Amino acid sequence: MRQAVNWQPDFEALVEEHQSMVFSIALRMTGDRGLAEELAQDVLLELDRNLHKLSSAEHARFWLRQVAMHRSADALRRRKVKAPTLGFDVWDELEERHGLLVSEGDSSLSIRIEEMLASLPEAHRSVIILRYQEDLTPDEIAATLKAPVATVKSHLQRGLKLLRVKASQTLKEYVRGS
Amino acid sequence: MFVDHDDLKDEWKDAREQADLERRLRHAMQRKPAPVGLKQRVLATARERRQHRHGRIWIFQRLAATAVLAAAFGGFAAYRQHEEHEKEVQRGEEATRQVLTALRITNKTLDRVSTRLAENSR
């Protein structure tokens, strides 16, 4: 508590520490690098204006996550950015064109997972980002998104299920082979 | 108790696949490095905005100070005017009182003269 009261925020250090987190959330939520960069800049500038309201480093991290998620969701709605809806046919096409499938290692798999994630509904995507990128518990995700814990758990389960269905064809080799 | 080994196998496989997917998700979803120059752009814009904000505050302060001074001078002038008016009224009342006193004296003197004239004529 005493630490929180005595907290002296250093804006530059906060930007340095959290720019990657804010940018990654925006990028994974919108699937648009340019928009994500714009959003990250806006969120960090908003932090500068609201610094006096924050009481600790942990509070600043929580606030940044929350605002990054909300701004990304707003941007998606405002700009109607369509997440890349890559179906399995597109995967096949990618494999044919770039030879990504069998011989590729974790990097191509990561790209595939990223793209499958982008094709998930927004609510599922947001909880998966907070769970696996930010390593938050369902309770923490619920607090960040201001949603009931049960809803978060359900979105998480459905999101994972969807990912597994989407991945079932292309990832089988990797999952079984590991 | 009958245990279906195929079911158990499926469940086990399902759990393994789920765990594997989660492990791969964690690995794939590591934070991306921020774009080059993002921090510099944010800091420069923040600095610019702060200066702009300070500039605006300074203008507002000047305007407020001017308004306060104008109000003070206006109030002082109005007070002086009111005071002058009050003094004028007082001077007028005093003059009226003096005229009335002079008239009373004149009246008394005329009464006395009139009384003497009446006595002499008798």
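**View 1. Helices α2 and α4 of chain A approach to within 9 Å of each other, axis to axis.** This view comes from a predicted model. Helix α2(A) and helix α4(A), residues 57-79, cross at roughly 30°. Angles under 35 degrees count as roughly parallel, so α2(A) is roughly parallel to α4(A). The crossing of α2(A) with α4(A) is right-handed. On the α2(A) side, the contact is made by Leu14(A), His18(A), Met21(A), Val22(A), Ile25(A), Ala26(A), Met29(A) and Thr30(A). Facing them from α4(A) are ten-odd partners, including Ala60(A), Leu64(A), Ala68(A), Met69(A), Ser72(A) and Leu76(A). That loose count is best replaced by the full α4(A) list: Ala60(A), Arg61(A), Leu64(A), Arg65(A), Ala68(A), Met69(A), Ser72(A), Ala73(A), Ala75(A) and Leu76(A). By class, this contact has 13 nonpolar, three polar and two charged residues.

**View 2. Thr30(A) is a buried residue of helix α2(A).** Thr30(A) sits in helix α2 of chain A. Is Thr30(A) buried or exposed? Thr30(A) has 23 C-beta neighbours inside 10 Å, so it counts as buried. The cut-off for buried is 20 or more. Now find Ser72(A). Thr30(A) and Ser72(A) are 42 residues apart along the chain. Their C-alpha atoms are separated by 6.4 Å. Both residues belong to the contact of α2(A) with α4(A).

**View 3. Chain A is built with nine helices and zero strands.** Along the sequence, the pattern reads α-α-α-α-α-α-α-α-α. Chain A has 178 residues, and 34% of them are buried. Take the contacts in chain A between residues at least 6 apart in sequence. Of these, 70% join residues at least 24 apart.

**View 4. Helix α2 of chain A crosses helix α2 of chain B.** Here α2(A) covers residues 11-30, and α2(B) covers residues 38-121. The two axes come within 10 Å and cross at roughly 130°. That angle makes α2(A) oblique to α2(B). The crossing is right-handed. From α2(A), the contact uses Phe11(A), Glu12(A), Val15(A), Glu16(A), Gln19(A) and Phe23(A). From α2(B), it uses Leu38(B), Lys39(B), Val42(B), Leu43(B) and Ala46(B). Sorted by class, the contact has seven nonpolar, one polar and three charged residues.

**View 5. Helix α3 of chain A also passes helix α2 of chain B.** Helix α3(A) covers residues 33-50. At what angle do the axes of α3(A) and α2(B) cross? They cross at roughly 45° and come within 10 Å. That makes α3(A) oblique to α2(B). The crossing is right-handed. Glu37(A), Ala40(A), Gln41(A), Leu44(A), Leu45(A) and Asp48(A) lie on the α3(A) side. They meet Leu38(B), Arg41(B), Val42(B), Thr45(B) and Ala46(B) of α2(B). Six nonpolar, two polar and three charged residues make up this contact.

**View 6. Chain B touches chain A through 21 of its residues.** These residues are in contact with 29 residues of chain A. Helices α1(B), residues 5-28, and α2(B) each supply at least two residues of the chain B side. Which helix gives the most? α1(B) does, with eight residues. By class, the chain B side has 11 nonpolar, two polar and eight charged residues.

Methods: Residues numbered from 1 in each chain as written. Chains lettered and ligands numbered in written order. Predicted model: local features only at pLDDT ≥ 70, side-chain atom pairs only at ≥ 80, totals over all residues. Axes fitted to C-alpha atoms, helices over the stretch in contact; angles between N-to-C directions. Helix = DSSP H or I, 4+ residues; strand = E, 2+ residues; numbered from the N terminus. Parallel < 35°, antiparallel > 145°, perpendicular 65-115°, else oblique. Left-handed = near helix turned anticlockwise from the far one by under 90°. Contact = placed C-beta atoms within 7 Å. Nonpolar A, V, L, I, M, F, W, Y, C, P; charged D, E, K, R; others polar. Buried ≥ 20, exposed ≤ 12 C-beta atoms within 10 Å, placed from the backbone.
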